[in-house]
Amino acid sequence: MATFTIPKKIDTIDTFQVKGEEFVVLKKEYLEELLILMKSFAVGERLLREKKTRSFTDFLKSVSRKNK
């Protein structure tokens, strides 16, 4: 069994290794932002599959047709 002490001052994204495995340390704010983005992506993908929204490309095509 190996132990590893994380340095007390980690205020940015950092990495460390334990037994050859690499781990990423994120600030809580970064992790929360990442979770929000992941949830948003999942909801958007679900809406696209259910045909309840359209892709950004489709949106741009419809806007360009309206302007002609």
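So, secondary structure: this protein chain comes to 2 helices and 2 strands, and from the N terminus on the order is β-β-α-α. When I say helix or strand, I mean a DSSP run, H or I over at least four residues for a helix and E over at least two for a strand, numbered from the N terminus. A word on the source: this is a predicted model, where local features need pLDDT of at least 70, side-chain atom pairs count only at pLDDT 80 or more, and totals for chains, interfaces and linings use all residues. Residues are numbered from 1 along each chain as its sequence is written, and side-chain values use heavy atoms, with hydrogens and water left out.

Let's look at the whole chain before the parts. Of its 68 residues, 4% count as buried. Buried here is under 20% relative accessible area, exposed is over 50%, and partly exposed is in between, with a 1.4 Å probe and protein chains only. The accessible surface of the chain is about 6,600 Å², and 58% of that belongs to carbon and sulfur atoms. Those areas come from the Shrake-Rupley method with a 1.4 Å probe, and for residues only the protein chains shown count as cover. Now contacts, meaning heavy atoms within 4.5 Å. If you take contacts between residues at least 6 apart in sequence, 0% of them join residues at least 24 apart.

Okay, on to the strands. Strand 1 covers residues 14-18, and 5 bridges join it to strand 2, with the two running antiparallel. For strands to pair, DSSP has to find at least two bridges between them. If you want to trace the pairing on the screen, Thr 15 has Val 24 as its bridge partner in strand 2, and Val 18 has Glu 21. As a general point, side chains in a regular strand alternate between the two faces of the sheet.

What do strand 1 and strand 2 form together? They form a hairpin, with 2 residues between them. Lys 19 sits in that loop between the strands, and its phi is positive, about 50°, although Lys 19 is not a glycine. Lys 19 is also exposed, at 66% relative accessibility.

Moving along the chain, strand 2 is residues 21-25, and Leu 26 lies in the loop between strand 2 and helix 1. Then comes helix 1, residues 28-49. How does the span of helix 1 compare with what its 22 residues should give? The expected span is 1.5 Å times one less than the number of residues. That should be 32 Å, and the end C-alpha atoms are 32 Å apart, so the two agree.

Right after helix 1 you hit Lys 51, with a positive phi near 60°. Lys 51 is another residue other than glycine with a positive value. You'll find Lys 51 in the loop between helix 1 and helix 2, which is 56-67, and at 73% relative accessibility Lys 51 counts as exposed.

Next, salt bridges. I'm counting a side-chain nitrogen of Lys or Arg within 4 Å of a carboxyl oxygen of Asp or Glu. How many does the structure hold? There are 3.

One of them joins Glu 32 and Lys 28, with the closest N and O atoms 3.8 Å apart. Why mention their positions? These two are 4 residues apart in helix 1, so about one helical turn separates them. Glu 32 is partly exposed at 39%, while Lys 28 is exposed at 59%.

Then there's Glu 50, which pairs with Arg 46 at 3.7 Å between the closest N and O atoms. Glu 50 meets Lys 52 as well, at 3.4 Å, N to O. With partners shared like that, Arg 46, Glu 50 and Lys 52 are joined into one network. As for accessibility, Arg 46 is partly exposed at 39%, Glu 50 is partly exposed at 39%, and Lys 52 is exposed at 61%.

Last stop, the nonpolar patch. Val 24, Leu 26, Tyr 30, Leu 31, Leu 34, Leu 35 and Met 38 form it on the surface, with about 620 Å² of accessible area together. Patches are made of residues with over 30% relative accessible area and no salt bridge; like charges are joined within 9 Å, and nonpolar side chains (Val, Leu, Ile, Met, Phe, Trp, Tyr) within 5 Å. Which element gives the most to the patch? That's helix 1, with 5 residues. And Leu 26, from the loop, is partly exposed at 32% relative accessible area.
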